[in-house]
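Let's take a friendly walk through one protein model together. Keep the picture open as you read.

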Amino acid sequence: MRLYNLLVCSFCFLLSGTVFGQQKANYKLADKYLVSNMGGVVFSREVKPNYLPDSEQFWYSYKTSRGNNYYIVNPKSKKQQLLFDSEDMAARVSEITNKTFNTRDLNITPNFAEDSKSFSFMVQGVTIKYDRATGQCSELPRPEVKATDRKVYNRLALMYSYAPDSSYAVFSRGHNIWLRKGDEPDSLARRITDDGMENFSYSDNEVGEGVDIFTTKARWLKGTRRLFVIREDNRGIGTLLVVSSAGGGRPRLVTPVSGSGKYTMPGDKKVTQYELSLIDAETGKVTKVALEKWKDQKVKLLYVSKDSRYLYVQRTRRTCDELDICKVNTETGEVTVVLNEVCKPYFSDRCQSITFLNGDREFIWWSERTGWGHYYLYSADGQYRGAITSGNWMAEKIVRLDTNRRELYVTGHGREKGMNPYYACLYKAVLDGNGRVELLTPEDANHNVVMSPSGNYFVDNYSRVDLAPRSVLRDKNGKLICDLAEADLSALYAMGWKMPERFTVKAADGVTDLYGVMWKPFDFDSTRHYPIISYVYPGPQQEAMDLNFTATGNHNAALAQVGFIVVNMGHRGGSPLRDKYYRTYGYGNLRDYALADDKHGLEQLAARHSFIDINRVGIFGHSGGGFMSAAAICTYPEFYKAAVASSGNHDNNMYNQAWGETFHGVTQTVKGKDTVFTCKIPTNMELVKNLKGHLLVVTGDEDDNVHPGHTLRLVDALLKAGKNFDMYVLPGQKHLYRGAADLFWRRKIWFHFAKHLLGDYSSENFTEMDEYNQ
């Protein structure tokens, strides 16, 4: 067997007519950079401000190789200083508690007094007061708890919801709504509804309620004795179960979806239906609101007006390309459409938002009507008042809305030329400013900001994969007030760690820029030829590309140390953070849309770098990345030599309805009086006949996100096609693997690529997982 393995190894290096020397997998170096082994060398990366009472001042803690220190910052004086001396504090706390503390790792949570002259904190069950002027510590007495002060909580009492004036209490029994006057016993309660039932319930507990009392979905309207309730009709919808076999006893069925386990799939005839009702507690009248417009529409509550006169509700077509914003009169149930919007081929749920302001007289609406996501101002009755942001870039998240100054602070992407379009920058816009914005965070990096309660200042934490995290304080106009902190990477560098590299390539269309990150072995030799492995996740709701500083790259750093170039890049259709064309590129082609871009990007990198061997290419990913990896090795069997597909959604026809119908598309046809929806998504099972390379598939047997049936269907197709492959089922594991199973899976990825890309079969001789470190 050893002779056979040696011959196989030698043959693997006869690539492109060139013979390379023996390449042995460096498992010991890879193990050194496992995420679980990196905790002691990665310290603080951002400043998290904690504001003092009624003040612009804030404190924060920050850890470096020299220990954990606490700072206080005064924006007005543009100064920061130590909140206390850690060694002195540890000594004083030790004196009070009679226990020893590590001065380099003191961990407390200051609770400032109203005058900010002192703060208290708890250590080992002892409450200590620190006087900032004198530096003295004193133990605070434990408050005496009188018997009359003790609150006895009745679990049953928590099931009741009281009207704003406590005149009525509402609860659920038998899936219906019951009401009683605030001080009356339950025996005098009256049933308000009679059409509640299992899976179409007014209760927060959809199933098995019986005669027990539960909380209800009904909510009180502020300042009134009226309620509203949105309930979901899940009757007739199938379940999706997994079998739990780990541990003792009999294997048992597990419901992945909370409650009833109901699960809708693309093209299902039976899907969730929604009903909105208004209830008058005094009269007991129930008004069913006439919201129906489209078959199988989705309904969600957006906002309750401050005077409780109106509910703002969004209804969306099942085809996900048209919606209405409706205003519902809470007294009469009258429905008025204030905004209708069409977005082909589908709306971006990640960014879509509505914000009410100015006493509910206006609202801000996010839309991609120009092909780019931006914010627009409307009156409450739907009259368009203008664009708040505009241009060929995308406004994403509202950070702060200043209604007095009529200013909006938003994060945006792609506006600054030469900057990675995924990086978030902070912008200030004026509500009546005709779309003009002002950049507040100019550094070429990904910014994460925290505004002060007053909105006059913000902490700006920014970094890149190749830039150490930095934190600064700015005023509301972006002016730098002071530097706060920079991450300490000295321990990382001391262990031989190196920054990854950013790169840009073209998509398969030759025009669209794709952005990525490259990890090299830390003992990199530019004269060698390395296999290249693509870590993938196709989206479409997000890409898995690292933007912020990372020491591990989601385990990509460790994999590179085995002896590979490991890259991760975006693909058209992968992210909602760019223009709508990019975001929706995969519509109608949910299986294949990202594959050509990945192959084309790897080819460009190999042409650019002589150390990349394009004849030894691997691909791997988890979840959607597992789905893409299996599709890639079967679509381009001469290009990808090895793949690992873990917990992949290989048959999106059995994944959830929202995913498949939104991102692939659902067809609506009218047949007589019936409206029929169909959705047929290509699967990986249709591709397995093309497999030539080495495929490893993995799943957890209790995966409650991507059902293990996805992997089992792929395996069944591989068996029937007579293909050779490897498979592991991880007992007791859900979608994210934990503990020993996670470590086993990570190392099996190393072994798989080492065998089939390096020709190192030494892992087959290991009897224990740690033998390669000896």
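Below we visit two sheets and then a pocket.

This is a predicted model, where local features need pLDDT of at least 70, side-chain atom pairs count only at pLDDT 80 or more, and totals for chains, interfaces and linings use all residues. Residues are numbered from 1 along each chain as its sequence is written, and side-chain values use heavy atoms, leaving out hydrogens and water.

**Two sheets**

Strands (DSSP runs of E, at least two residues) are numbered from the N terminus, and two of them pair if DSSP finds at least two bridges between them. Here are two open sheets, each with antiparallel pairing:

| Strand order | Strands at the edges |
|---|---|
| β3-β4-β5-β6 | β3 (50-51) and β6 (79-82) |
| β16-β17-β20-β21 | β16 (219-220) and β21 (286-288) |

β3 and β6 each have a single partner strand, so one side of each is left without a neighbour in the sheet. Four bridges link β5 (residues 67-74) with β6, and Y71 sits opposite L82 of β6. In the other sheet, β16 and β17 (residues 226-233) run antiparallel and share two bridges; R219 has F228 in β17 as its bridge partner.

**The largest pocket**

A pocket is an open set of points on a 1 Å grid over the protein atoms alone, where a 1.4 Å probe fits, with protein on both sides within 12 Å along at least five of seven lines; lining residues have an atom within 4 Å of a point. The largest pocket is lined by 27 residues, and A424, N446, H447, L547 and N548 lie nearest its centre. β34 gives the largest share of this lining, four residues.
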